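The paragraphs below go through one protein model, from single loop residues to the core and then to the surface. Please keep the sequence and the structure at hand while reading.

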Amino acid sequence: MGVDREQFKQLLKDNGLKVTNQRVLVLEALASCPGKHLTAEEIYELVKVDCPEIGLATVYRTIQMLLELHLVDKINFDDGYVRYEIGSESGTAKHHHHHLICLTCGRVISFEDDLLEELEKKIADKEGFWVVDHEVKLYGYCKECGGKLIEEK
């Protein structure tokens, strides 16, 4: 996914935030890795190539700002690391993005489908609770590791 620099700069200005090269580079680093779930340290390493003077604290502050602007999503795969991925620029809650996590190799596979629409509708009807977002993490075995498990048995 590409990033529209001018649109991002305008979004910063509209929110009373300063436009800095570091902020633009952090967002572009995330956008340059679609489907990847990067730690702050990995983002830092990507940005440092074009901006060697950037500090890790600046990356963390920028990520927090991007989270608040709903441009980046925070993900926890229960592996001790917080990860980030490019989010929706609309600022609205998004559905359809879920993760499959292999218990053997740790591979994370993103998939898109809104399997919970019917459940959300029932909850709204029955409880009067309107679901605006959800996160699904399914744990199991990827094709490669699942095949190995079958071979071992």
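His70 counts as partly exposed, because its relative accessibility is 44%. This is a predicted model, and the values that follow are computed from it. His70 sits in the loop between H4 and E1. Its backbone has a positive phi of about 60°, although the residue is not a glycine.

Asp78 also has a positive phi of about 60° and is likewise not a glycine. Asp78 belongs to the loop between E1 and E2. With a relative accessibility of 56%, Asp78 counts as exposed, because the class of exposed residues begins over 50%. The loop that holds Asp78 is part of a hairpin of E1 and E2, with five residues between the strands.

The two strands of this hairpin are E1, residues 72–76, and E2, residues 82–86. They run antiparallel and are joined by five bridges. One of the residue pairs is Lys74 with Tyr84, the latter being the partner in E2. In a regular strand, side chains alternate between the two faces of the sheet.

The hairpin can now be placed in the whole chain. The protein has six helices and five strands. Read from the N terminus, the order of elements is α-α-α-α-β-β-β-β-α-β-α. Among contacts between residues at least 6 apart in sequence, 50% join residues at least 24 apart.

What share of the 153 residues counts as buried? The share is 33%. The largest nonpolar core has 27 residues, and Ile43 and Leu66 are the ones with the most contacts inside it. At least two residues of this core come from each of helix H1 (5–14), helix H2 (21–31), H3, helix H4 (56–68) and E2. H2 gives the largest share of this core, seven residues. Leaving aside residues up to four places away in sequence, Leu66 touches Phe8, Val26, Leu27, Leu30, Leu71 and Val72.

From the core the description moves to charged side chains. Side chains of opposite charge can pair when their charged atoms come close. The structure holds six salt bridges, and three of them are described here, beginning with a pair inside a helix.

The side chains of Lys48 and Glu45 form a salt bridge, at 3.6 Å from N to O. Both residues are in helix H3 (residues 40–50); they are three residues apart, so about one helical turn separates them. Lys48 counts as partly exposed because its relative accessibility is 30%, and Glu45 is also partly exposed, with a relative accessible area of 43%.

A second pair is found in helix H5 (residues 117–127). Here Asp125 forms a salt bridge with Lys121, and the closest N and O atoms are 3.1 Å apart. The two residues are four apart in the helix, which means that about one helical turn lies between them. How do the two partners fall, exposed or partly exposed? Asp125 counts as exposed, at 58% relative accessibility, whereas Lys121 is partly exposed, with a relative accessible area of 46%.

The third pair joins two separate elements of the chain. Glu144 and Arg107 meet through their side chains in a salt bridge of 3.1 Å, N to O. Glu144 lies in helix H6 (residues 143–152), while Arg107 is in the loop between strand E3 (97–102) and strand E4 (108–112), so this salt bridge ties together parts that are 37 residues apart in sequence. Glu144 counts as partly exposed because its relative accessibility is 46%. Arg107 has a relative accessibility of 40% and therefore counts as partly exposed.

The surface also has a nonpolar part. The accessible surface of the protein comes to about 9800 Å², and 53% of this area belongs to carbon and sulfur atoms. Which residues make the nonpolar surface patch of about 330 Å²? They are Leu103, Tyr139 and Tyr141. Tyr139 lies in strand E5 (residues 137–140). At 39% relative accessibility, Tyr139 counts as partly exposed, and a residue of a patch has to show over 30% relative accessible area.

Note on methods. Residues are numbered from 1 along each chain as its sequence is written. This is a predicted model: local features need pLDDT of at least 70, side-chain atom pairs count only at pLDDT 80 or more; totals for chains, interfaces and linings use all residues. Side-chain values use heavy atoms; hydrogens and water are left out. Patches are made of residues with over 30% relative accessible area and no salt bridge: like charges are joined within 9 Å, nonpolar side chains (Val, Leu, Ile, Met, Phe, Trp, Tyr) within 5 Å. Accessible areas come from the Shrake-Rupley method with a 1.4 Å probe; for residues, only the protein chains shown count as cover. A salt bridge is a side-chain nitrogen of Lys or Arg within 4 Å of a carboxyl oxygen of Asp or Glu. Buried means under 20% relative accessible area, exposed over 50%, partly exposed in between (1.4 Å probe, protein chains only). Two strands pair if DSSP finds at least two bridges between them. Contact means heavy atoms within 4.5 Å. A nonpolar core is a set of buried Ala, Val, Leu, Ile, Met, Phe, Trp, Tyr and Cys residues joined through side-chain atoms within 4.5 Å.
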